[in-house]
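Let's take a walk through this structure together, with the ligand as our starting point. Have the 3D view open as you read.

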Amino acid sequence: MMGRSSTGSTGGPTGITGAHALSGVMPGKDLVNLRDLDPSVLRRLLARARQHAWALDEDPFDVGQTLRGQVVGLLFFEDSTRTRLSFAMALHRLGGRFIELTDRGSSLSKGETLADTARTVEAMGVSRLIVRAKRTDDVLEVAQAVRIPVLNAGAGDGEHPTQGLLDTLAIAEAHKRLDSLDLGGLTVLIVGDVARSRVARSSGPCMAALGARVLVAGPGMDDTIAASAGGRVSDNFAGDVREADAVMALRIQHERGGSDLDAAGADAAYREQFGLTIERARTLKQGAVIMHPGPVNPGVEVDAEVMELPRSIITRQVALGVPVRMACLEARGAVTGRT
Ligand code: CP
């Protein structure tokens, strides 16, 4: 699927040859927010993910040894399909194992704090913690409570860094920018419930850091929300759909509450105003791709028919979650140097 480039995967400024090349790549021990990372770090992570993607495309049963003998703790305190299973798959592919805890059935229900829960799992000997949380600050709280590296698997309406990286890699692949990992000259339109979207707050800034022009549209949009997603407000939605090289639709995040979008009947108005309908999809220019981080609510933010178009790369985004998370699991902080 992911075609090798004529200039190869290991040369040039973004070229790396193995997991050791990611030693010290992170400014700290944790991966909490992409906004903390320099574009050169983003490119090194993506370059390694690109290598893993090529290897998996060639041999889907390939199992590496980078995390052999290691056990990683998955702490998922909010529901997930893609992130949870692709981290699990990434661990398998690196030769590691995992143990898992959710808020259902844990001793959090008995009053144990999140920090104590994290330290308890650390004490069992895991080498990393991967944390999904309902509240934005929870991942940082865990990171500060333990000595081992912590990876943010999506925190409230804060950030979702591995999603941001995989969305960026998907655009680079679709637009044949894998060699350079430079998105200069491309326009990405992010549309939907951006105000409550941690995906937008990781994907938009990551794409912008690699040179993309990011436009943002959605209910209640203003300059502050658009800037948090790494872009500026789209003031001509229909026109920007026609001009964009990628359109990424976002669902309404009802689980976060506190928005007029949660009122009865809001879905229909959302689709009417901002949905990626088949009529709007027909206006996309040649080469433009349709994206969605999932989970999708067909018929609301994107029509089911649109998801099936050849220009939809939604399934490819899911697939790229595995190599991206492999790279993030291999990345080591400059501060601790721990494995
Ligand atoms: N995109 C994403 O985070 O999906 P999940 O909630 O299924 O992990």
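## The ligand's pocket

The ligand occupies the largest pocket. Here a pocket is an open set of points on a 1 Å grid over the protein atoms alone, with protein on both sides within 12 Å along at least five of seven lines; a molecule sits in one if more than half of its atoms lie within 2 Å of its grid points.

This is a predicted model, where local features need pLDDT of at least 70 and side-chain atom pairs count only at pLDDT 80 or more, while totals for chains, interfaces and linings use all residues. Residues are numbered from 1 along each chain as its sequence is written, and side-chain values use heavy atoms, leaving out hydrogens and water.

## Who surrounds the ligand

Around the ligand you will find Ser80, Thr81, Arg82, Thr83, Arg132, His160, Gln163, Pro293 and Gly294, each with a heavy atom within 4 Å of it. This shell consists of six polar, two charged and one nonpolar residue, with Pro counted as nonpolar, Arg as charged and Gly as polar.

Three side chains are worth a look for polar contacts (pairs of N or O atoms within 3.5 Å). Threonine 83 places a polar side-chain atom 2.7 Å from a ligand oxygen. For arginine 132, the distance from a side-chain N or O atom to a ligand oxygen is 2.8 Å, and histidine 160 also has a side-chain N or O atom 2.8 Å from a ligand oxygen. The protein covers 93% of the 250 Å² of accessible area that the ligand has on its own (Shrake-Rupley method, 1.4 Å probe).

## Two backbone details

Most residues other than glycine have a negative phi, and most peptide bonds are trans. Glycine 294, one of the residues around the ligand, is joined to proline 295 by a cis peptide bond with omega of about -5°. Lysine 176 has a positive phi of about 55°.

## The whole chain

The C-alpha trace spans about 55 × 55 × 35 Å along its principal axes.

Notes: A polar contact is a pair of N or O atoms within 3.5 Å; within protein, one must be able to donate a hydrogen and the other to accept it, and residues adjacent in sequence count only if both atoms are side-chain atoms. On a 1 Å grid over the protein atoms alone, a cavity is a set of points where a 1.4 Å probe fits but cannot get out, and a pocket is an open set with protein on both sides within 12 Å along at least five of seven lines; lining residues have an atom within 4 Å of a point.
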